[in-house]
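Colleague: Got the model open? I have a few quick questions about it.
Modeller: Go ahead.

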Amino acid sequence: MLPNCPYCKQALRWQQELQQQYPELAKLTIRNVDEAAEPVFAGGYGYYFVPCYFVGGVKMHEGAATKEKIEAVLRSAL
């Protein structure tokens, strides 16, 4: 994620909304990585666009998202 990226900000809002709306999603531990603040860690993952979601090291989504896509990613982590 990048702090000034509008797509990242929207994805984070949806992520937070979904975790508040669904108790099972609230149990997930999610690490939101600021690629500017943690370039070495972020560089270990293969992606070009943000936001990008990985579950168990597998890329589940990359680039502009919808709330439905974010929900699908979170549910895949259950």
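Colleague: Is Glu 38 buried, partly exposed or exposed?
Modeller: Glu 38 counts as partly exposed, at 25% relative accessibility. The classes are buried under 20% relative accessible area, exposed over 50%, and partly exposed in between, with a 1.4 Å probe and protein chains only. Before we go on: this is a predicted model, where local features need pLDDT of at least 70, side-chain atom pairs count only at pLDDT 80 or more, and totals for chains, interfaces and linings use all residues. Residues are numbered from 1 along each chain as its sequence is written, and side-chain values use heavy atoms, with hydrogens and water left out.

Colleague: Which residue forms a salt bridge with Glu 38?
Modeller: Arg 31 does, with the closest N and O atoms 2.3 Å apart. The rule asks for a side-chain nitrogen of Lys or Arg within 4 Å of a carboxyl oxygen of Asp or Glu. Arg 31 itself is exposed, with a relative accessible area of 52%.

Colleague: How many salt bridges by this rule?
Modeller: The count comes to 5. One of them joins the side chains of Lys 67 and Glu 17, at 3.0 Å from N to O. Lys 67 lies in helix 4 and Glu 17 in helix 1 (residues 6-21), so this pair ties together parts that are 50 residues apart in sequence. Helices here are DSSP runs of H or I with at least four residues, strands are E runs of at least two, and numbering goes from the N terminus. Lys 67 is partly exposed at 26%, and Glu 17 is partly exposed at 35%.

Colleague: What does Arg 75 meet in a salt bridge?
Modeller: Glu 24, at 2.9 Å from N to O. Glu 24 sits in helix 2 (residues 23-26) and Arg 75 in helix 4, so the pair ties together parts that are 51 residues apart in sequence. Glu 24, Glu 71 and Arg 75 are linked in a network of salt bridges.

Colleague: Switching to pockets. What volume has the largest pocket?
Modeller: About 520 Å³. There are 22 lining residues, and the closest to the centre are Arg 31, Val 33, Cys 52, Tyr 53 and Phe 54. On a 1 Å grid over the protein atoms alone, a pocket is an open set of points where a 1.4 Å probe fits, with protein on both sides within 12 Å along at least five of seven lines; lining residues have an atom within 4 Å of a point.

Colleague: Which element gives the most to that lining?
Modeller: Strand 1, with 4 residues.

Colleague: And the lining by class?
Modeller: It has 16 nonpolar, 4 polar and 2 charged residues. Ala, Val, Leu, Ile, Met, Phe, Trp, Tyr, Cys and Pro count as nonpolar, Asp, Glu, Lys and Arg as charged, and the others, Gly among them, as polar.

Colleague: Back to Tyr 53. Is Tyr 53 buried or exposed?
Modeller: Buried, with a relative accessible area of 8%. Tyr 53 is found in strand 1. Leaving out residues up to four places away in sequence, Tyr 53 touches several others, including Ala 11, Gln 15, Ile 70 and Val 73 (heavy atoms within 4.5 Å).

Colleague: Which residues make up the largest nonpolar core?
Modeller: There are 10 in all, among them Trp 14, Leu 18, Tyr 53 and Leu 74. Helix 1 and helix 4 are the elements that give two or more residues to this core. A core is a set of buried Ala, Val, Leu, Ile, Met, Phe, Trp, Tyr and Cys residues joined through side-chain atoms within 4.5 Å. A second, separate core of 8 residues includes Cys 5, Val 33, Ala 42 and Cys 52.

Note on methods:
Grid points are joined across faces, edges and corners, and a volume is the space filled by probe spheres set on the points.
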